[in-house]
Amino acid sequence: MEIIVCDSPHDVAVQAADILQGYANDGGVLGVATGSTPLLTYQELIRRHKAGEVSFAGCTMFALDEYVGLPIEHEQSYYRVIHDEFSDHVDIDPADVHIPNGLADDVPAACAEYEQAIVDAGGIDVQLLGIGTNGHVGFNEPASSLSSLTRMKTLHPQTVADNARFFNSLDEVPIHVVTQGLGTIQRAGQLVLIATGEHKAHAVSQLVEGPLSAACPASVLQIHPHATVIVDEAAASRLNNVDYYKFIQQNKPQ
Ligand code: F6R
């Protein structure tokens, strides 16, 4: 894994945007995440798009996950979040923005169709990821199969509590979701995981320096051939080898 430690959340967003911009300008297939961490990255990409530096015209997007049973008009549906915070502000064809269907009558069939749509698009070139305080990626909670594909999951109470800030009350947070699996995520060409803030420091230390384990689903990045972890100083604060990771960045082979 490449570990990039940045001075600030803004710098994390700039680094992530630098990577995504390259894929976007090549008309790539982009895997996009929701939650609060990617918002600065999306704002940076929108800024660059308006400045004429990046185009998403030939791109396809696949979101990681969606709540089950939340109408897509709901402002916290991930359909709305991806559209409102990112895709509606750039030049991607809306028909090329794919979000898992959390409203399907037959959710398992919809999950299988989502997997097939990713395959039909040629696979995801770059997948942007956040990380939960309990080490989840997508909504693959602890004990998720490391080879899982898109499916329905039940959120961990910690995740429900973490996400309650987006809703009026804890009771409004759906507890069921559809998420790309850890196996789906493993198939992407490059993984870019971003994390900021001290509250992510434990999860980041388990991801980078803990064992490969379903107890920390994000640890699957350890067995991906091209995984990039971009964190700020606060999120890096519990890494034992942080000085080494910085040394590597300062001494990249030419
Ligand atoms: C969202 C997702 C989640 C979040 C994670 C961190 O699509 O897949 O794994 O990335 O819960 O969320 P934030 O960034 O809000 O701390």
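**Ligand shell and strands**

By class, 3 nonpolar, 8 polar and 3 charged residues make up the shell around the ligand. Bear in mind that this is a predicted model.

Q: Which residues come nearest to the ligand?
A: Thr34, Thr37, Asp65, His136 and Gly138 do, out of the 14 residues around the ligand.

Q: What makes the Thr34 pair a polar contact?
A: The cut-off for a pair of N or O atoms is 3.5 Å. An N or O atom in the side chain of Thr34 is 2.7 Å from an oxygen atom of the ligand, so the pair counts as a polar contact.

Q: How do you know that Thr37 makes a polar contact with the ligand?
A: Run the check again with Thr37: one of its polar side-chain atoms lies 2.5 Å from a ligand oxygen atom. That is within 3.5 Å, so the pair qualifies.

Q: What part of Gly138 lies 2.7 Å from an oxygen atom of the ligand?
A: A backbone N or O atom of Gly138. The distance is within 3.5 Å, so this one is a polar contact too.

Q: How much of the ligand's accessible area does the protein cover?
A: 95% of the 410 Å² that the ligand has on its own.

Q: Why is the ligand said to sit in the largest pocket?
A: Because sitting in a pocket takes more than half of a molecule's atoms within 2 Å of the pocket's grid points, and the ligand sits in the largest pocket.

Q: Why are E1 and E5 called edge strands?
A: The open sheet has 7 strands, in the order E1-E10-E9-E6-E2-E3-E5, with parallel pairing. Strand E1 (2-6) and strand E5 (97-98) each pair on one side only.

Q: What makes E9 and E10 a pair?
A: At least two bridges are needed. E9 (residues 190-195) and E10 (residues 227-232) have 5, in the parallel sense, so they pair. Val192 stands opposite Thr228 in E10.

Q: How do you know that E8 pairs with E4 and E7?
A: With E4 (residues 65-67), E8 (residues 176-179) shares 3 bridges, running antiparallel. E7 (residues 151-154) and E8 have 4, also antiparallel. Both counts satisfy "at least two", so both are pairs. Val178 in E8 stands opposite Glu66 and is the bridge partner of Met152.

Technical notes:
Residues are numbered from 1 along each chain as its sequence is written. This is a predicted model: local features need pLDDT of at least 70, side-chain atom pairs count only at pLDDT 80 or more; totals for chains, interfaces and linings use all residues. Side-chain values use heavy atoms; hydrogens and water are left out. A residue is near a molecule or strand if one of its heavy atoms lies within 4 Å of it. A polar contact is a pair of N or O atoms within 3.5 Å; within protein, one must be able to donate a hydrogen and the other to accept it, and residues adjacent in sequence count only if both atoms are side-chain atoms. Accessible areas come from the Shrake-Rupley method with a 1.4 Å probe; for residues, only the protein chains shown count as cover. On a 1 Å grid over the protein atoms alone, a cavity is a set of points where a 1.4 Å probe fits but cannot get out, and a pocket is an open set with protein on both sides within 12 Å along at least five of seven lines; lining residues have an atom within 4 Å of a point. Ala, Val, Leu, Ile, Met, Phe, Trp, Tyr, Cys and Pro count as nonpolar, Asp, Glu, Lys and Arg as charged, and the others, Gly among them, as polar.
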